[in-house]
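Here are a few exercises to work through with the structure open beside you. Try each task before you read its solution.

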There are 2 protein chains.
Amino acid sequence: MNTGAPTLYGVGLGPGDPDLLTRKAIRIIKKVPVAMVPFVGAESRAARVVRAVDPEATVVGYHAPMTRDPEERDRAYSKAAETLAELLERFHEVAVCNLGDPTLYATFWHIVERIPLEDFEIELVPGIPAGLLCAARIGRPLAMESDKVLICTREPPEDLEGMDTVILYKPTRRGVERLLREGFEVYACRELGFEGERVERVNGAEFEPSYLCTIVALRP
Amino acid sequence: MNTGAPTLYGVGLGPGDPDLLTRKAIRIIKKVPVAMVPFVGAESRAARVVRAVDPEATVVGYHAPMTRDPEERDRAYSKAAETLAELLERFHEVAVCNLGDPTLYATFWHIVERIPLEDFEIELVPGIPAGLLCAARIGRPLAMESDKVLICTREPPEDLEGMDTVILYKPTRRGVERLLREGFEVYACRELGFEGERVERVNGAEFEPSYLCTIVALRP
């Protein structure tokens, strides 16, 4: 529905490999006058993906804090939201781009909930979640028939009965230990779609958490 | 790793909209001499997507039975596997294309497990699962922070405590009723990415199952 209001695109960039963006995501990135991407620390991997599909893109980076401190987060996201509202008013079309999918654990919503939504159209463009690329690399199905897949962050719940597969983002050591204890085959996938990508079977308690690490745990 | 062996690509076509294929999926479809796609009844929606991205594609349709009868399934998949093995030998590269993602409830594996895997290289190319497009259409996140998402088929388990979101493929009426009873906001998404696409909130017991229907249930 085009009401003439500015349009905010929430674009999923997929796991990191520019080849795993959808045709739609690429078209929108090329079309919008400006794209907003998160910076985590000194780095924006999202910016790398955006520039790989459109070297001439104008990219505005915002600070996505790696803390759970509510005040620090509020400050960062409020600042990003202010920038976004101004960019929308000035350029009429802005793409806020996140790795993965915009509906799965995306900082996108923290920003969007801080701008006056009634003034904008929002269109979400799905992206490949990292967990699916992990499964592709492992070469095994996540689910068949009546299998159940749980997606969660940090650590899975105590009770994993009935779950055939667990996808764990931002894993903690405790979370991985729980999966091993429950008898899952655990794979850690790091830097997927980026240089240095690796997939390793986690056997003992030697798991080291790292940024952009996704765990896929399968019932043997 | 290229060993000179024939390569079988398992390609995810996404929910149906050719614009939601990845660049990689499109490149592989255009490059391979032949693509295999499932027929469900008289129709192959997968074939429609393949031909939309490559009108000159050579497409071989196989019968994907809509039954749970093990004998009928075995007959159909064995026949498809025989065709696949012959195509691989003759053409050296074959893409088996499924709607959605090749690791989530894909018939791909039923065929692959029936061919001598040691003779082939397999490469899986992720696709956008329908559930993510549903969330995009509803315009709500599936998960934030420590939210838990359950993906399942037909009906969810009795105990949904701790689950914030449920994605239900091939939903039954009983499955949808359980989600409503548990207090979820239930959305039925039909024919996503195809003509006639619609997303409706399910309020009462009026839910009618249909083919290519995906349920997204959110905690209010």
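Copies are superposed by least squares on the C-alpha atoms of residues with pLDDT of at least 70 in both. Keep in mind that this is a predicted model.

**Exercise 1. Find what rotation and shift superpose chain A on chain B.**

Step 1. Two copies of a chain are related by a rotation about an axis and a shift along it.

Step 2. Here the rotation is 180°, the shift along the axis is 0.0 Å, and chain A then falls on chain B with an RMSD of 0.0 Å. The two copies are therefore related as by a two-fold rotation axis.

Step 3. To place the axis on your screen, look for A:Thr22: in chain A, its C-alpha is the nearest to the axis, at 2.0 Å.

Step 4. Now turn to the interface. Of the interface residues of chain A, 100% are interface residues in chain B as well, so the copies meet through the same surface.

**Exercise 2. Work out which parts of chain A are tied together by the salt bridge of A:Arg45 and A:Glu191.**

Step 1. A salt bridge needs a side-chain nitrogen of Lys or Arg within 4 Å of a carboxyl oxygen of Asp or Glu. In this pair the closest N and O atoms are 2.7 Å apart.

Step 2. A:Arg45 belongs to helix 2 (residues 45-53), while A:Glu191 sits in the loop between strand 8 (185-190) and strand 9 (198-202), so the bridge ties together parts of chain A that are 146 residues apart in sequence.

Step 3. Check the surroundings, with buried meaning under 20% relative accessible area. A:Arg45 is buried at 12%, and A:Glu191 is buried at 17%.

Step 4. Widen the view: A:Glu43, A:Arg45, A:Arg48 and A:Glu191 are linked in a network of salt bridges.

**Exercise 3. Explain why the pair A:Glu145 and B:Arg73 joins two chains.**

Step 1. These residues form a salt bridge whose closest N and O atoms are 2.5 Å apart.

Step 2. A:Glu145 lies in the loop of chain A between helix 5 (130-138) and strand 6 (149-153), and B:Arg73 lies in helix 3 (residues 70-91) of chain B, so the bridge joins two chains.

Step 3. A:Glu145 is partly exposed, at 35% relative accessible area, whereas B:Arg73 counts as buried at 16%.

**Exercise 4. State how many salt bridges the structure holds over all chains.**

The total over all chains is 34. One of the salt bridges pairs A:Arg174 with A:Glu155, with 3.1 Å between the closest N and O atoms.

Conventions:
Residues are numbered from 1 along each chain as its sequence is written. Chains are lettered from A and ligands numbered from 1 in the order in which they are written. This is a predicted model: local features need pLDDT of at least 70, side-chain atom pairs count only at pLDDT 80 or more; totals for chains, interfaces and linings use all residues. Side-chain values use heavy atoms; hydrogens and water are left out. Contact means heavy atoms within 4.5 Å. Helices (H or I, at least four residues) and strands (E, at least two) are DSSP runs, numbered from the N terminus. Buried means under 20% relative accessible area, exposed over 50%, partly exposed in between (1.4 Å probe, protein chains only).
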